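Please find below a colleague's note for a reader who is coming to this structure afresh. The points are numbered so that each can be checked against the display.

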Number of protein chains: 2
Amino acid sequence: MLLTQAEENYLKAIFKINEKTNKPASTNAIAKHVSTSAASVTDMLQKLSGKSLIHYEKYKGASLSESGNKTATQLIRKHRLWEVFLFDKLKFPWEEVHDIAEELEHIRSDHLINRLDNFLGNPRFDPHGDPIPNAEGKFMLRNQSTLESLPIGQKCMLVGVTEHSVPFLQHLNGLKIKLGTQIKILEKQSFDRSMIVELDTKTQVTLSHSVVPNLLVKLI
Amino acid sequence: MLLTQAEENYLKAIFKINEKTNKPASTNAIAKHVSTSAASVTDMLQKLSGKSLIHYEKYKGASLSESGNKTATQLIRKHRLWEVFLFDKLKFPWEEVHDIAEELEHIRSDHLINRLDNFLGNPRFDPHGDPIPNAEGKFMLRNQSTLESLPIGQKCMLVGVTEHSVPFLQHLNGLKIKLGTQIKILEKQSFDRSMIVELDTKTQVTLSHSVVPNLLVKLI
DNA sequence: AAATAATTTTAGACTTGGCTAAAAATAACA
DNA sequence: TGTTATTTTTAGCCAAGTCTAAAATTATTT
């Protein structure tokens with residue numbers, strides 16, 4: 001089925017809300033995601049429901065149908081592959097790739113995306129460490145913890161971030177922290193829940209509680 | 001100024017018609033280019049005129065203003081750079097790149113297109129041999145002739161095609177003719193204006209009059 | 001459990017870009 | 001040059017996606 005960009009954006013929003021909350025996505029939550037009014041969302045939910053892309057009951061929120069889920073997954077695949085292209089090949093900083101990929105993901109051509117995937121070497125994760133579904137829509141899973149949950153003395157490596165805002169990513173740039181950076185936990189301050197860590201550059205930095213819970217790491 | 005895709009497509013159409021005819025583009029000609037009705041074109045011309053992107057007088061056709069010309073040129077730059085990407089990097093055949101580039105050209109990011117340009121090695125011509133304007137909108141010129149105009153015995157090299165249709169390009173594929181192919185003119189049949197040529201592979205082929213005038217060559 | 005608050009839906013309107021049919025202007029021809 | 005043919009514009013309508021304001025439903029609080 002041929003969808004408009006608006007329809008695609010709603011499906012992606014519902015996918016993300018479903019994923020995060022494990023509940024039907026509320027009208028307001030969707031409205032925030034796509035930056036529009038609740039009234040517009042209601043209109044669109046009725047339309048998407050008419051096309052059997054979502055399950056929707058008045059006042060009860062929306063969740064993706066099988067075909068809606070497939071569409072959303074392919075969009076995420078396209079988005080993340082384009083992010084890899086922008087980051088790996090065009091050398092964009094990681095905080096700039098999202099907005100451009102948001103446009104690129106709507107280009108319609110399976111042929112294109114599969115060739116791009118090959119050109120990029122079939123990457124499994126995007127520049128923020130999010131998994132890239134394969135052509136069949138399967139996500140690669142990975143053993144990962146949040147930095148917050150680890151004990152003093154633990155050594156680990158940054159493999160992902162759960163926050164994608166430009167200021168947050170730029171803050172990490174300033175701290176010389178990027179994917180692959182090795183981190184050793186030196187201290188955990190219970191007062192403000194900040195953490196003192198040593199990086200693989202042997203430098204020590206303090207990570208505040210606005211940073212720590214957003215870092216996904218692999219134990220080493 | 002922020003333009004819609006529809007507006008951009010009209011500007012490109014007017015650019016191409018202006019370029020080919022050296023006259024204001026007629027409503028009907030534009031309608032054919034963008035596959036719509038004459039009435040819709042009139043509406044859009046009024047809108048574009050209101051934004052000072054074109055010069056338009058009722059019943060007299062449209063031509064690009066300076067700002068319209070700049071916009072159209074940048075679109076052509078984006079289109080042709082994406083074609084190079086698809087052809088050189090993703091290995092698409094030359095007859096498939098146009099349609100995908102038609103979508104990609106609307107992605108808005110100067111940053112993106114300039115990085116892409118560098119990534120591709122600042123190519124001056126696209127996969128059909130059309131010149132790619134630089135960031136300032138200047139087109140590279142080239143000494144080229146149409147194959148038709150050359151005498152028997154002349155040796156030359158294919159540097160461009162003036163016809164971009166899929167069947168035409170596939171026909172050339174079948175003849176093993178591509179950009180860079182060397183051609184020596186053996187015979188010119190005055191009856192049907194076909195031409196017998198020898199390629200750099202030493203094979204002889206007959207080029208009919210539906211082919212010959214669409215081949216742009218450089219003398220060697 | 002009733003009253004208030006928050007969320008969601010409906011109703012009606014606007015913009016963009018398209019359409020058809022009819023009117024107006026221009027071009028072509030006899 | 002007058003008449004017909006073609007092109008272009010106007011007029012009125014439609015669908016998508018948005019909006020605001022008001023009504024309906026659900027949730028929360030006292």
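1. Between chain A and chain B of this predicted model, six residue pairs are in polar contact, counting pairs in which both residues have pLDDT 80 or more. Salt bridges, by contrast, are absent from this interface, where the rule finds zero of them. The area that chain A and chain B bury between them is about 1700 Å², and 73% of it lies on carbon and sulfur atoms.

2. The contact draws on 22 residues of chain A and 22 residues of chain B. On the side of chain A, the residues that lose the most area to chain B are A:L90, A:E103 and A:R115, which together account for 30% of what that side buries. Helix 4 (66-89), helix 5 (97-104) and helix 6 (110-119) of chain A each contribute at least two residues to the side that touches chain B, and helix 6 of chain A gives the most, with five residues. Sorted by class, this side of chain A holds twelve nonpolar, four polar and six charged residues.

3. How are chain A and chain B related in space? A rotation of 180° with 0.0 Å of shift along its axis places chain A on chain B, with an RMSD of 0.0 Å, and the two copies are therefore related as by a two-fold rotation axis. Within chain A, the residue that comes closest to this axis is A:L104, with its C-alpha at 3.7 Å. The same surface serves both copies, in that 100% of the contact residues of chain A recur in chain B.

4. Over all chains, a search of the whole structure finds 16 salt bridges. One of the salt bridges joins the side chains of A:K51 and A:E7, at 2.7 Å from N to O. Because A:K51 lies in the loop between helix 3 and strand 1 (54-57) of chain A while A:E7 lies in helix 1 of chain A, the pair ties together parts that are 44 residues apart in sequence.

5. Turning to the DNA, strand D has 21 residues around it, of which A:T4, A:T36, A:K47, B:Q46 and B:Y56 come nearest. Sugar or phosphate makes up 77% of the atoms of DNA strand D within 4 Å of the protein, and the rest belong to bases. Phosphate oxygens of DNA strand D lie 2.3 Å from a polar side-chain atom of A:T36, 3.0 Å from a backbone N or O atom of A:S37, and 2.8 Å from a side-chain N or O atom of A:S40. Helix 3 of chain A gives the most to the surface near DNA strand D, with five residues, and that surface divides into nine nonpolar, nine polar and three charged residues.

6. DNA strand C is likewise surrounded by 21 residues, and the closest are A:Q46, A:Y56, B:T4, B:T36 and B:K47. Of its atoms within 4 Å of the protein, 81% belong to sugar or phosphate and the rest to bases. A polar side-chain atom of B:T36 lies 2.5 Å from a phosphate oxygen of DNA strand C, while side-chain N or O atoms of A:T42 and B:Y10 lie 2.8 Å and 3.3 Å, respectively, from phosphate oxygens of this strand. Both chains take part in the surface near DNA strand C, since helix 2 (27-34) and helix 3 of chain A, together with helix 1 (5-21) and helix 3 of chain B, each supply at least two residues.

Key
Residues are numbered from 1 along each chain as its sequence is written. Chains are lettered from A and ligands numbered from 1 in the order in which they are written. This is a predicted model: local features need pLDDT of at least 70, side-chain atom pairs count only at pLDDT 80 or more; totals for chains, interfaces and linings use all residues. Side-chain values use heavy atoms; hydrogens and water are left out. Contact means heavy atoms within 4.5 Å. Buried area is the accessible area (1.4 Å probe) that two parts lose on being put together, summed over both. A salt bridge is a side-chain nitrogen of Lys or Arg within 4 Å of a carboxyl oxygen of Asp or Glu. A polar contact is a pair of N or O atoms within 3.5 Å; within protein, one must be able to donate a hydrogen and the other to accept it, and residues adjacent in sequence count only if both atoms are side-chain atoms. Helices (H or I, at least four residues) and strands (E, at least two) are DSSP runs, numbered from the N terminus. Ala, Val, Leu, Ile, Met, Phe, Trp, Tyr, Cys and Pro count as nonpolar, Asp, Glu, Lys and Arg as charged, and the others, Gly among them, as polar. A residue is near a molecule or strand if one of its heavy atoms lies within 4 Å of it. Copies are superposed by least squares on the C-alpha atoms of residues with pLDDT of at least 70 in both.
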